[in-house]
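Trainee: I'm new to this one and would like a close look at a single part of it. Could you walk me through it once the picture is up?

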Amino acid sequence: MFKEISPREIDGNLIKRISEEWMLITAGNKDAHNMMTASWGFMGEMWGSDTAIAVVRPQRYTMKFIEEQDYFTLSFYGDKKELHKVCGSKSGRDVNKTELCGLTPVFDKAPYFEEADTVIVCKKQYVQQMGKEFFINDEEASTWYPNDDYHYMIFGKIEKVLVRA
C-alpha cells in the first residue's frame with residue numbers, strides 16, 4: 001500500500017539512492033511495458049517544476065517505450081540487487097522481466113511495481129541525446145562512450161511520488 005507525498009518530502013539522499021541502491025526506469029502500458037536498472041540520473045527543479053532526468057542509452061529496449069509514451073516511472077527497491085541484476089543484464093526483447101523478477105505491475109499513467117518502496121511518476125517534457133561534441137573533456141566521452149552510444153536525457157515533470165505506507 002502506498003501513500004502520496006510531495007516530491008520535496010522524499011526521504012534519503014537521492015544521489016546515494018540512485019548511485020548505490022539503483023532504480024528501475026519503467027515505461028509502457030498494460031499491453032506492453034519494459035523496465036531497466038539505472039544508477040545514473042538527476043532530480044531538482046527545472047522550468048518551475050520538480051523534475052527528474054533519466055538517462056537511457058539508445059539501444060535499450062526501454063527507450064522504445066519512453067519514446068512512445070508521455071509518462072515514465074522511477075522506482076526504488078532498497079537493497080534488492082538481484083532484481084537490478086536481472087533488469088540491468090537481460091533484455092525485455094528476449095524475456096519477460098516482470099515475470100522473471102516476480103514483480104506485480106501497477107498501471108497508472110505509467111507502469112510501476114507493487115514491490116517498490118518509492119515510486120516517482122514523471123510526465124515527459126524534453127528529450128535530447130548527448131553527443132561527443134558537447135563534452136568539454138574528451139576523456140569522459142572516450143571512457144563512457146567507446147561505442148558512441150550516447151545516452152538520451154529524458155526530463156520528466158514529477159507528477160506524483162508514492163511511498164510505502
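Which backbone oxygen does the side chain of threonine 37 reach?

Mentor: The backbone oxygen of histidine 84, at 2.8 Å. Keep in mind that we're looking at a predicted model. Threonine 37 sits in strand E3. Its relative accessibility is 13%, and the cut-off for buried is under 20%, so threonine 37 counts as buried. Leaving aside residues up to four places away in sequence, threonine 37 touches Trp22, Met23, Leu24, Arg60, Leu83, His84, Cys87 and Gly88. So His84 turns up twice here, because threonine 37 touches this residue and its side chain also reaches the backbone oxygen there.

Now step back to the strand. E3 covers 33–38 and is one of the elements that each supply at least two residues to the largest nonpolar core. That core has 23 residues, and among the members touching the most others are Ile25, Phe72 and Val161. Strand E10 gives the most to it, with four residues. There's also a second, separate core of 15 residues, which includes Met35, Tyr71, Ala110 and Ala116.

Zooming out again, the protein has five helices and 10 strands. The radius of gyration is 15 Å, close to the 15 Å from the globule rule for 165 residues, so the protein is as compact as a globular protein of that length. Buried residues make up 42% of the 165, and threonine 37 is one of the buried ones. Among contacts with a separation of 6 or more, 74% come from residues 24 or more positions apart.

Methods. Residues are numbered from 1 along each chain as its sequence is written. This is a predicted model: local features need pLDDT of at least 70, side-chain atom pairs count only at pLDDT 80 or more; totals for chains, interfaces and linings use all residues. Side-chain values use heavy atoms; hydrogens and water are left out. A nonpolar core is a set of buried Ala, Val, Leu, Ile, Met, Phe, Trp, Tyr and Cys residues joined through side-chain atoms within 4.5 Å. Buried means under 20% relative accessible area, exposed over 50%, partly exposed in between (1.4 Å probe, protein chains only). A polar contact is a pair of N or O atoms within 3.5 Å; within protein, one must be able to donate a hydrogen and the other to accept it, and residues adjacent in sequence count only if both atoms are side-chain atoms. Contact means heavy atoms within 4.5 Å. The radius of gyration is taken over C-alpha atoms; the globule rule is 2.2 Å times the number of residues to the power 0.38.
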